[in-house]
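Trainee: Could we go through this structure together, with questions from me and careful answers from you?

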Amino acid sequence: MPESTQEFPDIPNDSYRNKGTPLVHYTQSTNFYSPISDFCTEDNIPECILYLNQEAASLGFPAVQPDPDGGDGGLDMDVVSLLNSMYALLERHHRVLRALDQLETERLRSISDMQRQQLNQGRLKDQLELTKRENARLQERERQLQLNIKSLKKCLKNERDEVQKLQNIRTSSSMQYNHDMKRKEREYYKLKEHLNQLLIDKKDNKQAIEVLNCVGRPDGRRGQWKTRRTEARHEEEMYQTLLNDFDNRQRELMLENVELRKVLQQIKNEMIGILSPKKSNWREARQEHGGNQDLGSDEEVVCNAGRDGLEQSCEQAREELTNSIRQQWRKLKHHVENLDSQASLVQPRDSEVMAKEAHDREMEQLRQEIQQCKDFIHTQQQLLQQLSSPCDEETASLLKDCYMLEEKERLKEEWNAFDEQRKNFTSERKNFTEAAIRLGREKKLFEDDRATWLKHQFLNLSFADHVNPPLSKSPGVLSEYVEASAAPSSLSDVISQMVFSPPDGSSVRPSSSAEYQQSLLPQSRF
Amino acid sequence: MNFSEVFKQTNQLCRVSPDGKYLATCVQYRLVIRDVNTLQILQLYTCLDQVVQMEWSSDSLFILCAMYKRGLVQVWSLEQPDWHCKIDEGSIGLLCSRWSPDGRHILNTTEFNLRVTVWSLCNKSVSYIKYPKACQKGMDFSTDGRYMALAERRDCKDYISVFVCDDWHLLRHFETETQDLAGVEWSPNGCVLAVWDACLEYKMLLYSLDGRLLSTYSAYEWSLGIKAIAWSPSSQFLAMGSYDEKVRILNHITWKKIVEFEHPATINNTKAVVYREVEKRPVVPSDDLSLQQLSISSTAFNAQSKYEICQLPVQVPSVKPDPDRANPKVGISSLAFSADNRYLATKNDNMPNCVWVWDMQRVGLQAVLEQASAVRCFLWDPRRPRLALCTGNNKLYLWSPAGCVSVRVPVEGCFQVLSLLWHCSGDSLILIGKDQLCLCYMETEQQP
């Protein structure tokens with residue numbers, strides 16, 4: 001196997017800076033004749049020849065040794081073909097070198113082209129960058145100029161308006177001036193006329209006063225001469241009035257001042273009171289504001305105030321008071337702001353919203369109530385109007401007892417029902433009385449009947465006694481009865497005494513009375 | 001509220017005596033004195049010509065009647081009906097006539113403001129004051145009647161003269177720093193004199209009684225300035241109404257502005273109550289359920305009206321003034337403080353239907369009354385915080401902090417209330433029409 005084939009190293013595309021180019025390598029590798037003694041030695045000639053044959057065949061050259069088996073010991077070669085092959089190889093070699101050369105130059109060319117392109121690109125990128133920046137700058141400038149234009153336009157408009165206003169003022173002023181001038185001129189002319197009139201008129205109407213009698217002064221005193229003393233007195237009076245007024249005013253202002261001072265003091269004290277419990281939390285804040293001595297100074301001022309009381313009239317004390325109040329107020333405000341922000345963080349405005357909602361609801365409720373009241377009042381008014389409005393007679397008579405109508409109807413119905421019932425009751429009572437009368441009558445009849453029956457019975461019995469032997473019981477009963485009773489005066493008495501005799505054995509009965517009884521019975525069952 | 005019957009009057013001359021007992025009216029050239037309560041005629045005087053100006057003296061004993069055309073002033077006495085006095089100004093003419101505070105001198109301003117003649121009824125003497133200024137309010141007496149301030153102009157400069165009314169002694173005479181003085185007014189305590197410039201310049205000067213300049217106030221330059229001013233009864237505030245539709249209030253300690261009241265065309269964001277007069281024409285059937293409407297018979301003039309409260313924001317009807325005229329109808333032309341110092345009523349000329357009531361304690365707007373037509377006159381009750389106003393129709397409107405009411409004057413025929421006058425006790429109102437007047441007695445508090 002060939003050992004001396006040299007591999008060409010892998011050359012990257014842009015490594016044109018590399019020292020080794022294919023051509024160089026190739027030429028390097030081919031320009032130096034390195035003895036290829038390694039390939040063919042005296043021992044391996046036939047092998048070499050074989051190999052060369054193969055290679056030549058593969059490359060299309062005639063074989064080096066056409067007949068490998070003949071000849072003398074393998075040295076028998078076709079020199080011509082060998083020389084030809086060699087020549088062809090050399091030609092090929094030259095061709096390849098040339099091609100390689102070309103390729104090399106092309107490669108260099110393309111490399112330089114690429115370089116150039118890259119430089120170009122870089123340059124163009126820079127240019128683009130520059131132009132973009134320029135563009136932005138110009139745009140910015142344009143925007144500013146636009147703003148400028150707008151503001152200038154506004155200024156112009158304002159100026160125009162101002163000019164218009166001034167013109168209006170000017171015209172109205174000139175109008176007023178002209179009017180006044182005309183008025184004065186008219187008056188002037190009137191004066192001239194009057195003067196002329198006076199000059200013409202001969203008679204001179206003098207001013208005069210006619211009074212029946214002089215009237216006393218209002219305060220009853222006599223008039224005084226105008227002297228220097230009176231003038232001085234007047235001056236004095238005037239100054240007195242002014243002084244009085246000043247005094248009054250000063251007094252009022254003093255009072256007000258005292259009040260306000262008291263109020264300020266109170267406020268300050270209260271503020272101190274509110275802020276001092278938060279001393280510990282406020283260390284940092286106070287240090288920030290650099291007001292470390294504030295509380296201390298406040299207490300001082302409080303003591304001062306307590307000592308001086310109302311006599312803090314000097315400038316310094318007043319300033320101190322107002323300054324300290326301002327400081328306290330600032331602290332309080334800061335504190336409240338902090339609280340506010342905290343509250344808003346914790347509760348995202350819920351309470352506010354809630355309050356607002358509650359408020360809205362209440363408002364709604366109130367509105368509804370108002371509406372209801374209004375409606376109510378409306379209906380009331382209507383009714384009132386109806387009542388007070390004069391109706392005509394018919395309607396009045398129709399409506400006379402309108403409100404009681406229902407009740408009246410009901411009452412009537414009830415009366416009717418009541419009447420009916422009463423009628424029923426009376427008829428029933430009548431029936432009852434009739435029945436009772438009848439019953440009484442029948443009872444009487446029955447009594448009479450019984451009496452007659454008993455009489456008959458008694459008579460029959462007494463007759464039967466005469467015929468039959470004395471009876472068992474009934475006569476005993478009879479006799480009892482007879483014995484029991486006193487001498488019966490009438491027959492009915494006897495019969496009535498005999499009423500209770502048991503009808504035993506006495507089968508003789510007046511059939512009529514029995515029938516009567518029988519007929520009576522169902523009736524009596526009534 | 002009771003209404004009396006109507007009486008005749010001319011020129012809207014109707015005055016109540018300062019002691020409150022008598023009512024004087026002028027009918028043509030007659031002067032009629034009535035008792036205020038019974039309205040019986042007590043005295044009748046006849047003047048020489050139609051009376052143009054009539055005034056009671058401060059002690060209610062005399063009345064002056066001035067007839068400008070004839071230059072005559074006649075004075076009548078209430079105690080002695082036979083007493084008479086006639087002042088004839090002669091050819092010099094008469095422009096204005098008034099009493100002095102002591103009730104014994106009469107000040108006549110002659111024509112062309114040539115001079116002021118002071119006539120004394122005590123000794124028939126005459127004094128003259130030269131160069132009075134003809135302006136909006138050139139002469140003012142202090143409340144206690146001791147001093148008189150008079151504006152004068154000589155050599156194109158304004159001066160003020162302070163006179164002692166006792167004997168007309170000139171106390172002080174000083175120049176003022178005004179371009180064209182428009183008016184002077186004493187504060188109610190008599191120690192400060194407010195002097196303001198004409199409307200071409202906004203300038204208010206405050207002088208003390210002895211002529212020292214206390215302070216100057218100028219709100220702005222160039223535009224038209226002060227239109228009207230009013231002192232508060234306690235002298236604490238000075239209110240100035242100007243052409244820019246604002247009222248500025250100065251305080252008496254520093255004479256600096258403490259507040260500025262605006263009169264915007266759209267009212268919102270205030271605690272004020274806006275009352276709007278709503279008229280109900282009787283022709284159109286309405287479903288208003290007020291009993292009043294059903295019972296009173298209606299004619300074309302007697303439209304029922306009542307106030308309703310408007311919800312904010314409210315648009316106030318305003319009129320744009322004509323820019324081509326002098327003295328434009330814009331700005332606050334009338335201001336009045338209530339007697340207890342608490343309220344200030346103002347009227348803005350380009351919102352002629354509205355009266356604005358401000359609360360001085362709260363320093364804010366209290367109420368706005370929007371009427372159906374232009375307000376002609378509004379006056380505070382001399383005792384209570386009650387405002388009466390009229391708009392030239394047959395109704396009287398009253399406002400108090402408790403509310404607002406409109407009352408129709410129950411007079412037959414056409415009676416249009418053109419102006420009002422309170423009785424000094426605040427118990428009755430005099431309603432003055434074109435040539436009629438009517439008294440309205442207010443309800444007094446419950447008798448024990």
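**Rings, cores and cysteines**

Mentor: At 10% relative accessibility, Y275(B) counts as buried, since buried means under 20% relative accessible area, exposed over 50% and partly exposed in between, with a 1.4 Å probe and protein chains only. This is a predicted model in which local features need pLDDT of at least 70 and side-chain atom pairs count only at pLDDT 80 or more, while totals for chains, interfaces and linings use all residues. Residues are numbered from 1 along each chain as its sequence is written, chains are lettered from A and ligands numbered from 1 in the order in which they are written, and side-chain values use heavy atoms, with hydrogens and water left out.

Trainee: What kind of aromatic pair do Y275(B) and Y307(B) form?

Mentor: Rings of Phe, Tyr and Trp (its six-membered ring) pair if their centres lie within 6.5 Å, and planes under 30 degrees apart count as stacked, over 60 as edge-to-face and the rest as tilted. Here the centres are 6.0 Å apart and the planes make an angle of 75°, so the pair of Y275(B) and Y307(B) is, by that rule, edge-to-face.

Trainee: How many residues apart in sequence are the parts tied together by Y343(B) and W380(B)?

Mentor: The ring centres of Y343(B) and W380(B) are 6.1 Å apart with planes at 15°, so this pair is stacked, and both residues are buried. Y343(B) lies in strand β32 and W380(B) in strand β35 of chain B, where strands (E, at least two residues) are DSSP runs numbered from the N terminus. The pair therefore ties together parts whose separation in sequence is 37 residues.

Trainee: Which strand gives the most to the largest nonpolar core?

Mentor: A nonpolar core is a set of buried Ala, Val, Leu, Ile, Met, Phe, Trp, Tyr and Cys residues joined through side-chain atoms within 4.5 Å. The largest one has 36 residues, and those with the most contacts inside it are M204(B), L206(B), L238(B) and M240(B). With 5 residues, the strand that gives the most to this core is, in chain B, strand β20.

Trainee: How far from C354(B) is the nearest cysteine sulfur?

Mentor: A disulfide is a pair of cysteine sulfur atoms within 2.5 Å, and by this rule the count over all chains comes to 0. C354(B) is buried, with a relative accessible area of 0%. It is in no disulfide, and the nearest cysteine sulfur, that of C310(B), lies at a distance of 9.9 Å.

Technical notes. Helices (H or I, at least four residues) and strands (E, at least two) are DSSP runs, numbered from the N terminus.
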